[in-house]
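Hi everyone, and thanks for coming. Today I'd like to walk you through a structure that may be new to you, so please have a look at it on the screen.

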Amino acid sequence: MKPNGRSPIAALLAVALGASALYGTPPATAATEAPSPAAPGAHAPPDARSRSRALDSADRALAGQARELLAGDGDTFERPTVVFGPRGLQYLTYRRLHHGLPVYGGDVIVATDREGGTVTTVTTGQRATLDGVATRPVVTAERAREIARNLLGTVTEQSAPRLVVHAAGTRPRLTWESVVRGSSKEGPSVLHVYVDAADGSVTDRWNDVRHGIGHSYYNGDPVHLDTSGSPGSYTLTDFTRSGLSCAAPNGTVYRGEDDEWGNGSVLDLETACVDALFAAQHAWDMARDWLGRNGFTGDGRGFPIRVGQNFPNAVWTGSGVWIGHNESGSRNLTSLDVVGHEYGHAVFENTGGGNGSGNEANALNESTGDIFGTLTEHYVNHPPEVDAPDYLIGEKVEFSGPGPLRNMYDPASLGDPGCYSDDVVNQEPHKSAGIQNHWFYLLAEGDRVPGRPEQSPVCAGTGVTGVGLRDAGEIYMGALNLKTVPWTHAKARTATVRAALALFPGCLHAQRVKDAWDAVGVAASPGEPGCPSEPRTFMVRPTESGGVVDQGASTAVTLRTRNLGAQSQDLVLSAEGLPAGANVTFSPARVPSGADSTMTVTTSAATPTGTHTVVVRATSAASPEISHTANYRLTVTPASPANDFSVALDQDATTVGRGTTTTLTLSTATTRGDPQKVALSAVGLPDSVSFTFNPSTITTGQTARVTVHPSEPTPPGAYLVTVRATGAARRTTTLRLTVRDPRAPDFSVRLTPEAASVEAGGTTLTVLETTTDWGGRQRVDISAGGVPAGVTVSANPRSIETDSSSTVVFGTSATTAPGTYPITVSATGSVTRSATFTLTVKPRPVPAWRPYTPYAAGDRVTHGGTVYRCVIKHVSLPGWEPPRAPALWARVQPTK
């Protein structure tokens, strides 16, 4: 035991946590600011005079830019909350009200330097003025409450709806905001819901619950924790870091007589708490020492942890972290990088705009977790024999088997996108986190790291030089302090550039931030700040992001140059990355910055088909060491034959039941040269589907009848069928075929547990789980049959969708007759499906007779092994024991 209260811990690390906090509402009368932690060196907070100066500067900026900030009639701003960022930079967040109503998305963030005299950024997430937005609802609060409540299968708590102007989208509207706690089939949920107060539609929603998965490994033996207590009564509560503690599954914080915790075994829950609290404390310290942040919220707060949850995951609940196990149940989920990941969610929520909404914001949130997990792992810096820091997430957890969950230097190696595309909004957020993860790795390390065999692939450009992990972390934290809703990759790029310019003098860091974003395909937005140290800088961009050209043909695009500095200069244009057999010309090849040029790409018959990235470079004629690039996606298609044709179906999608038939018409047309014979075929179907053409060979310009017949064994589902017409060339069209089961929708139910015993007067419960067997999900009502006298049955909720669950509570009274009762619990939708719950009611134990106790006629007591029944109402006194007072008590039977 250590005299300073830091305990030696035998520790095995396992994996995964989560953390978050509620966004506090500051008082309207005075600015609030974070308590000043002891931050050494560059990250020390500014002094009181600098803080006051920042408030004055921010107020002036807010008043002077009201028009740009879309402030209109009825808009007011509360005094700001203030947090300090890396190197003492100050961030003041003003909460907007519209006619007294909170405005979601309307916050204004003003950033200043450490001294508070220079405003570096003024930003808001709001995208339109609030003029004309209604302030009186049509939909009632109760109706909005019901709409929000129905979004979850099981609801345990719901906040009262409040009127909020939702201004995070392109059309502001009056909404009812409500927070619904409960669960869905994915697990626990804390759902923020915005219901349109005019028509009852769900305007926006997001889930506070974040799921994290990590790895199990040893931190070394022993490790030291900051705990609390005194000899004989210690607890895993960290009073030096507000809010941090670790508890058993029921929320009871671990306690012990000595200050030594855990046994180092992989599934021991106290050991899991050791690992989790160790990681959380170091994540806190990393944020303080490396990023200048006071706790996970910016104002000195943290969140508790519970280990031992019986599910294969770790869940952030909105008020703490619940940790389960991996899929095989062999390891607790409490590793450094995953615990750091979950507390990264806390930081994300407690910067401007909270969690935000939409898949793009969710992906950036998940990536923030990975970035904080990686920073924590590097901050601890375990030796290789324990777990050397890296850019892999969850590589020790064996969550579904060996290997990491995400790879930051090469996301594509695990099937995750490492480059931005418009499809990011449709992708699962843990996967699309790879885009910003890849950017962060490139910014920190560059694409080529000496001494490492891996090269991080660059999606565009010619390479990136890293700035180092700590500088990258400061830049990212500075960007989070500028976050507004809706949060996107484009806005993250702009914010990181602004953060780099504010944190690091000159242009080196800002340019490398831009290079890293270019390398993952996130282009600059209009108004992206330039580098003040480079007055003669410029940019080049194609007016179209890409072009399509046949082999042997040419395509052209306009290159637009812009002068971003004070002086114009001559630029020499060139291109790199052309596919074999292609060449490029520029007209003109040398232009002054601000002028345009035409780039023509000519291919040959030997140019390989596919998509190629051409890097367009503009180089200063006066200073050849200065150049800027842009990417142009060139798609080369096969050369068109002399005789060509097109093919199409009269429907691009159709639905057909198993064992039934549908017909379509395929048409062809001669588009070049002479008509030709083509053979018809289809691919992409299971063997159980018959797909026939009549006739199977036609001349272009003719049609064919297509018959589709899925047999009974065909699995219901969606199939993408490619229909081919093959002649001198092959032309295709696609059909989205949905095969459905013609049977009526059906489902099954089960109870967990199926039986329970309870004393008369007590209650017990079971969970009714529903599973969709075929057809779509349907709403079902829960009821019970065969309920004996004295027993009540209630379901919460009484109506659910299949694939979700309801809690069924059985209540008994003191008069319920003992016995075993089979009770039928049913779910009724298109059909009724039932399960039997066996309720055993046991007699209540007869209490012993006591003096000075009021008894009513009929009450029973035991005395000397015999049961007596009260005859006359009375208050017992010493000497009135039942055997001695036959006028008061009648003997019933001996006790058994």
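I'll begin with the whole protein, then go to two helix pairs, and finish with three single residues.

Before anything else, please keep in mind that this is a predicted model. So what is in it? The protein has nine helices and 58 strands. It has 896 residues, and 49% of them are buried. As for its surface, about 37,700 Å² is exposed, and carbon and sulfur atoms supply 51% of that. One more overall figure concerns contacts: take those in the protein with a separation of 6 or more, and 64% of them are between residues 24 or more positions apart.

Now to the helices. Two packed helices are described by the angle between their axes and the distance between the axes. Let's do that for two pairs, both of which involve helix α5.

Please find helix α5, residues 359-380, and helix α6, residues 429-445. How do these two cross? Their axes come within 7 Å, at an angle of roughly 55 degrees. An angle between 35 and 65 degrees counts as oblique, so α5 is oblique to α6. The crossing of this pair is right-handed. Which residues do the touching? On the α5 side, they include N359, L364, D370 and L375, and on the α6 side, P429, H430 and F440 are among them. Sorting the residues of this contact by class gives seven nonpolar, eight polar and two charged.

The second pair is α5 with helix α3, which covers residues 269-291. Here the axes come within 9 Å and cross at roughly 90 degrees. The two helices are therefore roughly perpendicular to each other. From α3, the residues in the contact include F278, M286, W290 and L291, while α5 offers, among others, F372, L375 and Y379. By class, this contact has ten nonpolar, three polar and three charged residues. If L375 sounds familiar, that's because it is in the list for α5 with α6 and also in the list for α3 with α5.

Let's zoom in on single residues, starting with S57. You'll find S57 in helix α1, residues 48-64. Is S57 buried or exposed? Its relative accessible area is 5%, so S57 is buried. Setting aside neighbours within four places in sequence, S57 is in contact with G116, G117 and V119.

Next comes L765, which belongs to strand β47, residues 763-774. L765 is partly exposed, because its relative accessible area is 46%. Which residues does L765 touch, beyond those up to four places away in sequence? They are P753, T807, V808, V809 and F810. Take V808 as an example: L765 and V808 are 43 residues apart in sequence, yet their C-alpha atoms are 5.5 Å apart in space.

My last stop is N583, in strand β31, residues 583-587. With a relative accessible area of 41%, N583 is partly exposed. Apart from residues up to four places away in sequence, N583 touches L578, T600, V601 and T602. And how far is N583 from S554? In sequence they are 29 residues apart, and from C-alpha to C-alpha the distance is 9.6 Å.

That's the tour, from the whole protein to helix pairs to single residues. Thanks for listening!

Definitions and conventions: Residues are numbered from 1 along each chain as its sequence is written. This is a predicted model: local features need pLDDT of at least 70, side-chain atom pairs count only at pLDDT 80 or more; totals for chains, interfaces and linings use all residues. Side-chain values use heavy atoms; hydrogens and water are left out. Helices (H or I, at least four residues) and strands (E, at least two) are DSSP runs, numbered from the N terminus. Buried means under 20% relative accessible area, exposed over 50%, partly exposed in between (1.4 Å probe, protein chains only). Contact means heavy atoms within 4.5 Å. Accessible areas come from the Shrake-Rupley method with a 1.4 Å probe; for residues, only the protein chains shown count as cover. Axes are lines fitted to C-alpha atoms, for helices over the stretch in contact, and angles run from 0 to 180 degrees between N-to-C directions. Angles under 35 degrees count as roughly parallel, over 145 as roughly antiparallel, 65 to 115 as roughly perpendicular and the rest as oblique. A crossing is left-handed if the near helix is turned anticlockwise from the far one by less than a right angle, and right-handed if clockwise. Ala, Val, Leu, Ile, Met, Phe, Trp, Tyr, Cys and Pro count as nonpolar, Asp, Glu, Lys and Arg as charged, and the others, Gly among them, as polar.
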